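User: I'm new to this structure and would like a close look at one part of it. Could you walk me through the aromatic pairs, please?

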Amino acid sequence: MISFAMGLFTSYYTVYLNRNLHIDKATSSLMVSISYVAIVLFMFFTPKCTKKFGKVGTIFLTVMASIPFMLMIGNGNYFGKYVVPVVGASLFIRAGLANLSSPVDSALSMDVIPKDLRPVYTSVVNFTAGIVSILSGHFTGKILFVHQSGYQQAYFLAAILYAIAGIVLYHGLHTFNHKENEIVLSKGEKR
C-alpha cells in the first residue's frame with residue numbers, strides 16, 4: 001500500500017509544484033533537491049528511534065507522522081504567500097520521515113522471516129514492488145491525472161493509504177516490535 005501510495009506523488013513533485021501551486025521551476029527543483037538532503041539527515045536518527053520504539057513502532061510512527069505533512073503539501077494552495085516555506089518544509093520533513101524507517105523496514109524481515117525463506121521473501125517483495133509501481137503508474141496516467149486536480153488529490157489518497165497501511169502493519173506485526181536489546185536469536189539467547 002505504501003509503495004502504491006508513494007507512486008502517486010513522488011515522481012510528480014515538480015509537476016504539482018509548478019502547475020498546481022504555481023511555484024517557478026527553479027524554486028520547485030531546489031525544494032525537491034533539498035528534500036533529498038532530509039533522506040540522509042533523518043537516517044542518522046534511525047538507531048535512536050529503533051532503540052526507543054522498536055522496529056515495527058519506528059515504521060508505524062514514521063508512516064503516521066508523514067501524513068500531516070502530505071496533507072499540508074496537498075493543501076499548499078491555501079498558504080498564499082507562505083506556500084514556498086510551508087510546502088518546502090513539509091516536503092523536507094515528509095521525505096526525512098519516510099526514509100528514516102527505510103533501514104528498519106529492510107531489517108525487519110530478518111526478525112519475521114525464517115532464515116531459509118529470506119531469499120524467497122526478498123524476491124517476492126521486490127517482484128511485488130515492481131508490479132505495484134506498474135499499477136501505480138497506470139492508475140496515475142489513466143485515472144488520477146486525467147485532470148490537473150489529480151496531482152493534488154494524489155496526496156490525499158496517499159495519506160489515506162498510508163494510514164491504512166500503518167494500522168495494518170502495526171496490528172499485524174506488533175508482536176515483533178522488539179527493541180534492539182530484546183531481539184531473540186535463533187538459539188534462544190538474548191543479544
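Analyst: Here is a friendly tour of the aromatic pairs, followed by a short stop at a serine. Please keep in mind that this is a predicted model.

Across the whole structure, a search finds 10 aromatic pairs. One of them is formed by Phe9 and Tyr155, whose ring centres are 5.1 Å apart. Their planes stand at 35 degrees, so this pair is tilted. It links distant parts of the chain, as the two residues are 146 residues apart. Phe9 sits in the loop between helix H1 (2–7) and helix H2 (13–20), while Tyr155 belongs to helix H8 (residues 150–173). Both Phe9 and Tyr155 are buried. They also have company: together with Tyr13 and Tyr16, they form one aromatic cluster.

Now turn to Phe42 and Phe92, where the ring centres lie 6.1 Å apart. With planes at 75 degrees, over the cut-off of 60, this pair counts as edge-to-face. Phe42 is in helix H3 (residues 25–43) and Phe92 in helix H5, so the pair ties together parts 50 residues apart in sequence. Phe42 is buried, with a relative accessible area of 16%, whereas Phe92 counts as partly exposed at 22%.

Helix H5 (residues 83–100) also holds Ser90. Ser90 is buried, and its relative accessible area is 0%. A polar atom of the Ser90 side chain lies 2.8 Å from the backbone oxygen of Val86. Leaving aside residues up to four places away in sequence, Ser90 touches Phe69, Met72 and Ile73.

Terms used. Residues are numbered from 1 along each chain as its sequence is written. This is a predicted model: local features need pLDDT of at least 70, side-chain atom pairs count only at pLDDT 80 or more; totals for chains, interfaces and linings use all residues. Side-chain values use heavy atoms; hydrogens and water are left out. Helices (H or I, at least four residues) and strands (E, at least two) are DSSP runs, numbered from the N terminus. Buried means under 20% relative accessible area, exposed over 50%, partly exposed in between (1.4 Å probe, protein chains only). A polar contact is a pair of N or O atoms within 3.5 Å; within protein, one must be able to donate a hydrogen and the other to accept it, and residues adjacent in sequence count only if both atoms are side-chain atoms. Contact means heavy atoms within 4.5 Å. Rings of Phe, Tyr and Trp (its six-membered ring) pair if their centres lie within 6.5 Å; planes under 30 degrees apart count as stacked, over 60 as edge-to-face and the rest as tilted.
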